[in-house]
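This briefing goes through one protein chain by topic. Please keep the sequence and the model in view while reading.

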Amino acid sequence: MNLQQRLDQLSLTLPASSAPGARYASGVQHQGLAWISGQLPREGDRVLVAGKLGREVSIASGQEGARAALLRALAALRDTVGDLTRIERILRLNVYVNSSDDFSQQSAVADGASSLIYELFGPELGAHARTSVGVAQLPRNACVELDIVVALEV
């Protein structure tokens with residue numbers, strides 16, 4: 001089952017893509033890999049989950065933000081490679097969490113995106129390397145930003 005079929009099975013729709021906000025690409029592919037630029041949990045221009053974890057955003061809301069940002073990353077991936085059937089697996093996930101000074105559960109927030117990767121790719125192909133870090137601020141006060149590295153069929 002390819003990624004588009006699995007998205008359909010889970011009743012998930014990838015959002016429309018949006019152009020980068022500056023002079024960079026949403027994604028780049030090279031020699032069987034694709035790197036997707038950082039994505040926020042947005043719907044159009046509206047940030048779905050804004051604020052700091054440990055202050056105004058709960059872990060559950062942060063996880064939902066991470067899921068939304070991953071769906072945006074998959075949309076950027078679709079637009080970069082042209083066809084979701086070329087995607088073998090996500091190799092790496094980096095999650096940046098807008099955190100208050102005393103918040104230390106960035107990994108729990110990143111689990112929102114990681115869990116979706118497992119739902120989409122299954123336990124074997126869903127395994128991925130991951131980094132989750134707390135940051136002082138993110139663009140548009142988003143609760144998370146994430147980027148992915150993806151293996152493509154060649």
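Two residues are in contact when heavy atoms of theirs lie within 4.5 Å. By that rule, and leaving out residues up to four places away in sequence, Leu70 touches Ile90, Ala113, Leu116, Ile117, Leu146 and Ile148. The model is predicted, and the points below cover its largest nonpolar core, one pair of helices, two residues with positive phi, and some individual positions.

**Nonpolar core**

- In soluble globular proteins, nonpolar side chains tend to be buried together.
- The largest nonpolar core here has 39 residues.
- The members that touch the most other members are Leu70, Leu74, Leu146 and Ile148.
- At least two core residues come from each of α1 (3-9), β2 (33-39), α2 (59-81), β5 (87-98), α3 (106-125) and β7 (144-152).
- The element giving the most to this core is α2, with 10 residues.
- Leu146 and Ile148, which are also among the members with the most core neighbours, are both contacts of Leu70.

**Packing of α2 and α3**

- Two packed helices are described by the angle between their axes and the distance between the axes.
- For α2 and α3, the axes come within 7 Å and cross at roughly 45°.
- Angles from 65 to 115 degrees count as roughly perpendicular and those under 35 degrees as roughly parallel, so α2 and α3 are oblique to each other.
- The crossing of these two helices, α2 and α3, is right-handed.
- On the α2 side, the contact is made by Ile59, Gly62, Gln63, Ala66, Arg67, Leu70, Leu71 and Leu74.
- On the α3 side, the contact is made by Ala108, Val109, Asp111, Gly112, Ala113, Leu116, Ile117, Glu119 and Leu120.
- Sorted by class, the residues in the contact of α2 with α3 are 11 nonpolar, 3 polar and 3 charged.

**Glu119 and Arg6**

- Glu119 is in helix α3, and Arg6 is in helix α1.
- With a relative accessible area of 32%, Glu119 is partly exposed.
- Not counting residues up to four places away in sequence, Glu119 touches Arg6, Leu10 and Arg67.
- Arg6, with neighbours within four places in sequence left aside, is in contact with Met1, Glu119 and Leu120.
- Glu119 and Leu120 are also listed on the α3 side of the contact with α2, and Arg67 on the α2 side.
- From Glu119 to Glu153, 34 residues apart in sequence, the C-alpha to C-alpha separation is 20 Å.
- From Arg6 to Ser17, 11 residues apart along the chain, the C-alpha atoms are separated by 19 Å.

**Positive phi outside glycine**

- Gln31 is not a glycine, yet has a positive phi of about 45°.
- Gln31 sits in the loop between β1 (27-30) and β2 and is exposed, with a relative accessible area of 70%.
- Asn141, another residue other than glycine, has a positive phi near 60°.
- Asn141 belongs to the loop between β6 (129-135) and β7 and counts as partly exposed at 32% relative accessibility.

**His30**

- His30 is in strand β1.
- His30 has a relative accessible area of 47% and is partly exposed.
- Although His30 and Leu152 are 122 residues apart along the chain, their C-alpha atoms are separated by 9.5 Å.

Methods: Residues are numbered from 1 along each chain as its sequence is written. This is a predicted model: local features need pLDDT of at least 70, side-chain atom pairs count only at pLDDT 80 or more; totals for chains, interfaces and linings use all residues. Side-chain values use heavy atoms; hydrogens and water are left out. A nonpolar core is a set of buried Ala, Val, Leu, Ile, Met, Phe, Trp, Tyr and Cys residues joined through side-chain atoms within 4.5 Å. Buried means under 20% relative accessible area, exposed over 50%, partly exposed in between (1.4 Å probe, protein chains only). Helices (H or I, at least four residues) and strands (E, at least two) are DSSP runs, numbered from the N terminus. Axes are lines fitted to C-alpha atoms, for helices over the stretch in contact, and angles run from 0 to 180 degrees between N-to-C directions. Angles under 35 degrees count as roughly parallel, over 145 as roughly antiparallel, 65 to 115 as roughly perpendicular and the rest as oblique. A crossing is left-handed if the near helix is turned anticlockwise from the far one by less than a right angle, and right-handed if clockwise. Ala, Val, Leu, Ile, Met, Phe, Trp, Tyr, Cys and Pro count as nonpolar, Asp, Glu, Lys and Arg as charged, and the others, Gly among them, as polar.
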